[in-house]
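Open the model in your viewer and keep the sequence panel in sight. We will move from stop to stop, selecting a few residues each time.

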Amino acid sequence: MGKTSDLTAVQKTIIDTLHKEGKTQKVIAKEAGCSQSSVSKHINRQTKGRKKCGRKKCTSSRDNRTLQRIVTTNPFKNVGEIHKEWTAAGVSASRTTTRRLMKDMGFRCRIPCVKPLLNKKQRKKRLAWAKDKKDWTDAEWSKVMFSDESKFCISFGNQGPRVWRKSGEAQNPRCMRSSVKFPPSVMVWGAMSSAGVGPLCFLRSRVNAAVYQEVLEHFMLPAADQLYGDADFTFQQDLAPAHSAKTTSTWFKDHGIPVLDWPANSPDLNPIENLWGIVKRRMQYARPNNAEELKTTIRAAWALITPEQCHRLIESMPRRITAVIEAKGAPTKY
């Protein structure tokens with residue numbers, strides 16, 4: 001009979017079985033109903049596999065390890081810089097080959113995640129806070145009104161340098177940029193609970209204690225009436241200077257509103273940060289020409305947020321706390 005490609009699945013199974021039993025090729029050919037040469041070729045193909053075809057690779061395994069070490073050591077370099085450093089090490093390869101090999105190694109060019117800088121003391125406090133809140137139920141978290149400010153720019157195009165990383169390395173410290181608190185500027189204040197979102201406040205000046213208390217008076221209290229009615233609630237805020245000022249603490253005491261204790265530099269614990277992300281993604285292709293158009297775009301995107309989205313984010317609080325405990329107080333993916 002003919003080529004090994006002419007063998008049926010049944011014949012191949014018979015050949016493999018009899019070969020494992022130690023039968024000769026002549027006996028196997030007779031039992032399988034094919035030529036002895038077909039048996040020989042099939043057995044050789046199974047044991048040796050196909051020979052590779054195509055042009056010989058221009059780089060060795062050692063060259064490839066050098067490239068991987070360069071990318072791993074300097075993940076924020078672009079392809080041109082990586083290629084230059086690699087060829088300077090004595091490798092003869094084109095820029096296209098460099099990019100292709102990086103892709104074959106699993107590296108992809110991505111926008112790096114940003115995490116706040118946390119010192120040892122802050123991580124310790126985050127861990128203690130998470131352990132204290134680990135037994136809170138969804139019902140308890142639904143009584144918390146989360147708040148935050150966020151900066152919106154007319155253009156969202158400039159997202160900084162990219163990073164070369166493999167799948168699953170998004171949270172690897174080597175592939176991340178560190179962030180610090182941005183300077184005071186015109187920002188948007190907002191609040192949310194499991195019932196939905198409150199009205200937005202566009203801040204026109206530097207947020208000091210007096211300005212912040214006006215925001216609480218004219219926007220937070222109406223949001224509380226809208227989201228909670230006459231029910232009790234706890235207010236959440238970060239540790240910005242205007243939030244932790246003595247006069248602000250007095251304001252809360254005078255209005256009988258309890259404030260949730262909150263660890264420093266912990267945006268990953270605040271679900272409203274996810275809402276800001278949703279709003280900014282919805283605005284990704286918007287091109288406002290001035291501040292007023294930008295405000296209109298923000299209001300429209302904020303109005304599309306549903307109570308169901310807010311409820312799901314509030315339900316994520318136990319998972320966020322578990323993640324902080326597992327990370328021993330370090331920043332998490334949220």
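Select S38 first. S38 sits in helix α3, which covers residues 36-48. Keep in mind as you look that this is a predicted model. Is S38 buried or exposed? S38 is buried, because its relative accessible area is 1%, and the cut-off for buried is under 20%. Now add S35 to the selection. The side chains of S38 and S35 are joined by a polar contact of 2.8 Å. Then add I15. I15 is 23 residues from S38 in sequence. In space, their C-alpha atoms are 9.9 Å apart.

Stay in helix α3 and select Q36, which also has its place there. Q36 counts as partly exposed, with 41% relative accessibility. Which residues does Q36 touch, leaving out those up to four places away in sequence? Show Q25, K26 and A29: these are its contacts. Draw a distance from Q36 to Q25. C-alpha to C-alpha, the gap is 6.1 Å, and the two are eleven residues apart in sequence.

**The first helix pair**

Select residues 9-20 for helix α1 and residues 25-32 for helix α2. Their axes are 9 Å apart, and the helices pack at an angle of about 150°. How should we describe that angle? Angles over 145 degrees count as roughly antiparallel, so α1 and α2 are roughly antiparallel to each other. Their crossing is right-handed. Now show side chains. From α1, display Q11, I14, I15, L18 and H19. From α2, display I28, E31 and A32, which they meet. Sort this contact by residue type: five are nonpolar, two polar and one charged.

**A buried arginine**

Next, go to helix α7, residues 120-133, and select R126 there. R126 is buried, with a relative accessible area of 0%. Now expand the selection to its contacts, not counting residues up to four places away in sequence. Among them are L118, P263, A264, N265, S266, D268 and L269. V324, G329, A330, P331 and T332 are also touched by R126. Add W262 as well. R126 and W262 are 136 residues apart along the chain. Their C-alpha atoms are separated by 8.5 Å.

**Two residues with positive phi**

One contact of R126 is N265, so select N265 next. Where is N265? Look in the loop between α11 (246-255) and α12. Check its backbone: phi is near 50°, a positive value in a residue other than glycine. N265 counts as partly exposed, at 30% relative accessibility.

Now jump to K328, in the segment after α15 (317-326). K328 is not a glycine, yet its phi is positive, at about 60°. Is K328 buried or exposed? K328 is exposed, because its relative accessible area is 64% and the cut-off for exposed is over 50%.

**Helix α12 and its two partners**

Select residues 272-282, helix α12, and residues 291-303, helix α13. The two axes come within 9 Å and cross at roughly 120°. That makes α12 oblique to α13. The crossing is right-handed. Which residues meet here? On α12, show I272, L275, W276, V279 and R282. On α13, show I298, A301 and W302. Color the contact by type: seven residues are nonpolar, none is polar and one is charged.

Keep α12 and switch its partner to helix α14, residues 307-315. Here the axes come within 11 Å and cross at roughly 140°. α12 is therefore oblique to α14. Show N274, L275, I278 and R282 on α12. They meet Q309, C310 and L313 on α14. By type, this contact has four nonpolar residues, two polar and one charged. Notice L275 and R282: they take part in the contact with α13 and also in the contact with α14.

**Step back**

Clear the selection and show the whole chain as a cartoon. How many helices and strands are there? The secondary structure comes to 15 helices and nine strands. The chain has 334 residues, and 40% of them count as buried. Finally, consider contacts between residues at least 6 apart in sequence. Of these, 75% join residues at least 24 apart. You have already visited one pair separated along the chain, R126 and W262, with their positions 136 residues apart.

Technical notes: Residues numbered from 1 in each chain as written. Predicted model: local features only at pLDDT ≥ 70, side-chain atom pairs only at ≥ 80, totals over all residues. Heavy atoms only, no water. Axes fitted to C-alpha atoms, helices over the stretch in contact; angles between N-to-C directions. Helix = DSSP H or I, 4+ residues; strand = E, 2+ residues; numbered from the N terminus. Parallel < 35°, antiparallel > 145°, perpendicular 65-115°, else oblique. Left-handed = near helix turned anticlockwise from the far one by under 90°. Contact = heavy atoms within 4.5 Å. Nonpolar A, V, L, I, M, F, W, Y, C, P; charged D, E, K, R; others polar. Buried < 20%, exposed > 50% of the residue type's maximum accessible area, 1.4 Å probe, protein only. Polar contact = N/O pair within 3.5 Å; in protein donor to acceptor, adjacent residues only side chain to side chain.
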